Amino acid sequence: MTLVCSNPALQQLLSAATGAEAPGWRETVVEAGQAWGLAGTGAQSIWLPECGVWVLEQSHGNDHADVALLHARVSPVVPLQDGMRVRALSDGVAWVVPLCPDLLLQYQQGLLGQMARWAWCVQHHAPAQRLAGCLLWMHEACADASGWPLSAMPGVRQLLPAQWDRAVRALLHSQAVRVNGDMLQVQDQAALQRQACTCHAAVAHVPAVL
C-alpha cells in the first residue's frame with residue numbers, strides 16, 4: 001500500500017525511497033508551544049511538517065520576530081538556519097530527514113516569498129487586519145484546533161500591549177471570534193474573512209509540487 005502524505009515534499013521522498021523510509025529519517029511528535037532551532041537538530045537536517053501549524057521566527061538580539069506561517073502544504077520543507085527557529089502553534093507531527101539540497105532548492109523560493117509577504121503586511125496593514133488574516137489562515141490550515149493561545153499568536157510580540165488589545169477587541173466587536181480563557185477561537189469565519197487582509201490567503205492553498 002502506498003503511503004499518502006499531506007506534505008508533498010515528504011511524498012516526493014517516499015516515492016523515491018525503496019522502503020517505507022530511508023536511513024536517518026526520524027518522525028517527531030510536536031506539541032503546541034514547543035520551539036526549536038539549530039542547536040541540537042543538526043545543521044545537515046531539514047524538517048518536513050506533516051500536520052499542525054508552525055510559525056518561523058528570526059532572531060533579533062535576544063528576541064525573536066515571526067516571519068512566516070507554515071504547515072505541510074505551505075513551505076513543506078523547513079531548513080533550520082543560524083538565527084532562525086520554529087515554534088509550534090498546534091500539536092502535530094513532523095519528519096526530520098537528512099539534508100537534500102535538490103529538495104531544499106525546489107521549495108526554498110516559496111518560503112522566501114512568504115517571508116517577503118509577511119514583511120510587507122507588517123508595514124502596510126493594521127494590527128486587527130493582520131491578526132484576522134493569520135487567524136483565518138490558521139483556522140483553514142488546522143480546522144480541528146480548539147483555539148489558539150492569545151499570548152502565542154503570530155505577531156503579538158511585535159506589538160505594544162495597547163495595540164494588541166485593540167486588535168483583539170476589534171475582532172470581538174465584529175463577533176468574528178470569541179475568547180475562552182486564554183484561547184482565541186473562531187466564531188464566524190465569514191465575519192473574520194471580512195476583517196482579514198489577503199496576505200496569508202495568497203499562500204493558504206498552494207498546490208503540491210511533485
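Let me start with the three-stranded sheet: it is open, its strands come in the order 9-11-10, and the pairing is antiparallel. Strand 9 (148–149) and strand 10 are the edge strands with a single partner strand each, so one side of each has no neighbour in the sheet.

Before going on, some ground rules. This is a predicted model, where local features need pLDDT of at least 70 and side-chain atom pairs count only at pLDDT 80 or more, while totals for chains, interfaces and linings use all residues. Residues are numbered from 1 along each chain as its sequence is written, and side-chain values use heavy atoms, with hydrogens and water left out. Helices (H or I, at least four residues) and strands (E, at least two) are DSSP runs, numbered from the N terminus. Two strands count as paired if DSSP finds at least two bridges between them.

Back to the sheet. Strand 10 (residues 177–180) and strand 11 (residues 183–186) are antiparallel and share four bridges. Within that pair, Val179 sits opposite Leu184 of strand 11. The hairpin these two strands make has two residues between the strands, and Gly181 there has a positive phi near 70°. On the other side of the pairing, strand 9 and strand 11 are joined by two bridges and run antiparallel. Here Trp148 has Leu184 of strand 11 as its bridge partner. So Leu184 appears in both pairings: opposite Val179 and as partner of Trp148.

Helix 3 (residues 127–141) lies across strand 9, strand 10 and strand 11, at about 75° to strand 11. Such angles run from 0 to 180 degrees between N-to-C directions, with axes as lines fitted to C-alpha atoms, for helices over the stretch in contact. Contact here means heavy atoms within 4.5 Å.

Next, the other sheet. Four strands form it, in the order 1-8-3-6; it is open and the pairing is antiparallel. Its edges are strand 1 (26–30) and strand 6 (78–79), each with a single partner strand, so one side of each is left without a neighbour in the sheet. Helix 1 (residues 8–16) packs on this sheet, touching strand 3 and strand 8 (92–98), and its direction makes about 110° with that of strand 3.

Strand 3 (residues 45–51) is joined to strand 6 by two bridges, and the two run antiparallel. Ile46 is opposite Pro79 of strand 6. Strand 3 also pairs with strand 8, again antiparallel, over six bridges; in that pairing Trp47 stands opposite Val96. What fraction of strand 3 is buried? Six of its seven residues are, so the strand is largely enclosed by the rest of the structure. Buried means under 20% relative accessible area, exposed over 50%, and partly exposed in between (1.4 Å probe, protein chains only).

Now helix 2, residues 101–124. With 24 residues, helix 2 reaches 34 Å from its first C-alpha to its last, close to the 34 Å expected at 1.5 Å a residue; that expected span is 1.5 Å times one less than the number of residues. Helix 2 bends by about 40° at Tyr107, the bend being the angle between axes fitted to the seven residues ending there and the seven starting there. Tyr107 is also among the buried residues of this helix, along with Leu103, Leu111 and Trp118.

Last, the charges. Side chains of opposite charge can pair when their charged atoms come close. A search of the whole structure finds six salt bridges, each a side-chain nitrogen of Lys or Arg within 4 Å of a carboxyl oxygen of Asp or Glu.

Which residues are linked in a network of salt bridges? They are Glu57, Asp66, Arg85, Arg87 and Arg157. Glu57 and Arg85 meet at 2.4 Å, N to O. Glu57 is in strand 4 (residues 54–60) and Arg85 in strand 7 (residues 84–88), 28 residues apart. Glu57 is buried at 0% relative accessible area, whereas Arg85 is partly exposed at 24%.

Glu57 also meets Arg157, at 2.5 Å, N to O. Arg157 lies in the loop between strand 9 and helix 4 (161–173) and Glu57 in strand 4, so this salt bridge ties together parts 100 residues apart in sequence. Arg157 is partly exposed, at 34%. Asp66 and Arg157 form a further salt bridge, at 3.0 Å, N to O. That pair links strand 5 (residues 63–70), which holds Asp66, to the loop of Arg157, 91 residues apart. Asp66 is buried, at 4%.
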